[in-house]
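Welcome! Here is a short tour for anyone meeting this structure for the first time. Please have a look at the model, then read on.

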Amino acid sequence: MESILGELNHVAIVVPDLDTAARRYRDVFGARVSAPLPLPDHGVTTVFVELSNTKIELLHPLGDASPVAAFLARNPAGGIHHLCYEVDDLGGARDRLVQAGARVLGDGEPKIGAHGKPVLFLHPKDFDGTLIELEQR
Ligand code: CO
């Protein structure tokens, strides 16, 4: 069977303090780190750490209804929040996964993600405790 998984687009880590986390990646690892980018529609502020083969997204809650606020409350020291895989055909991937019994979060329709491309999230209980984001390539 042909794999629907493309490249690893990013690993997202929820952090208790964005400036501290960004400084650590920049000063300790010497990594290329973006300025903080507030994404009010997504309820997060992000810092991107650019690696040669993928990205790390440092996430911190923004606003009252942040989707990562509960995660940070449960994991006050921060933690890995999700993995994002690229797919060639998001709708086709969704249909195949639903047919295989996986649950898509929300109403099942793709939303425009943090990089301006359609994304879907898959229920972590269906993937060994890992929240998975699929992003249209
Ligand atoms: Co993401």
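**A hairpin, a metal site and a pocket**

Strands E7 and E8 make a hairpin with five residues between them, and in its turn Gly-116 has a positive phi of about 75 degrees. Please keep in mind that this is a predicted model. From the hairpin, the tour moves on to a cobalt ion, whose protein donors include Glu-133, and then to the largest pocket, which is lined by 34 residues.

**Strands side by side**

- E7 covers residues 111-112 and E8 covers residues 118-122; the two pair in the antiparallel sense over two bridges.
- Within this pairing, Lys-111 has Val-119 of E8 as its bridge partner.
- On to the next neighbour: E8 also pairs in the antiparallel sense with strand E9 (residues 131-136), this time over four bridges.
- Across that pairing, Leu-120 stands opposite Leu-134 of E9.

**The loop between E8 and E9**

- Asp-128 sits in the loop that joins E8 and E9.
- Although Asp-128 is not a glycine, its phi is positive, at about 55 degrees.
- For comparison, most residues other than glycine have a negative phi.
- Is Asp-128 buried or exposed? Its relative accessibility is 80%, so Asp-128 counts as exposed.

**The cobalt ion**

- Which residues hold the protein donors of the cobalt ion? They are His-10 (through NE2), His-82 (through NE2) and Glu-133 (through OE), lying 2.0 to 2.1 Å from the ion.
- Along the sequence, these donor residues follow the spacing H-x71-H-x50-E.
- The two histidines link distant parts of the chain: His-10 belongs to strand E1 (residues 8-14) and His-82 to strand E6 (residues 79-87), 72 residues apart.
- Both His-10 and His-82 are buried.

**The largest pocket**

- How much space lies in the largest pocket? The volume comes to about 800 Å³.
- Of the 34 lining residues, Pro-67, His-81, His-82, Phe-121 and Leu-131 lie nearest the centre of the pocket.
- His-82 therefore appears twice on this tour, as a donor of the cobalt ion and as a residue of the pocket lining.
- Many elements contribute to the lining: strand E4 (44-50), strand E5 (55-61), helix H2 (69-74), E6, E7, E8 and E9 each supply at least two residues.
- By type, the lining divides into 17 nonpolar residues, ten polar ones and seven charged ones.

Note on methods
Residues numbered from 1 in each chain as written. Predicted model: local features only at pLDDT ≥ 70, side-chain atom pairs only at ≥ 80, totals over all residues. Heavy atoms only, no water. Pairing = 2+ DSSP bridges. Donors = N, O, S within 2.8 Å, 3.2 Å for Na, K, Ca; no water. Buried < 20%, exposed > 50% of the residue type's maximum accessible area, 1.4 Å probe, protein only. 1 Å grid on protein atoms, 1.4 Å probe; cavity = no way out; pocket = protein on both sides within 12 Å on 5 of 7 lines; lining within 4 Å. Points joined across faces, edges and corners; volume = space filled by probe spheres on them. Nonpolar A, V, L, I, M, F, W, Y, C, P; charged D, E, K, R; others polar.
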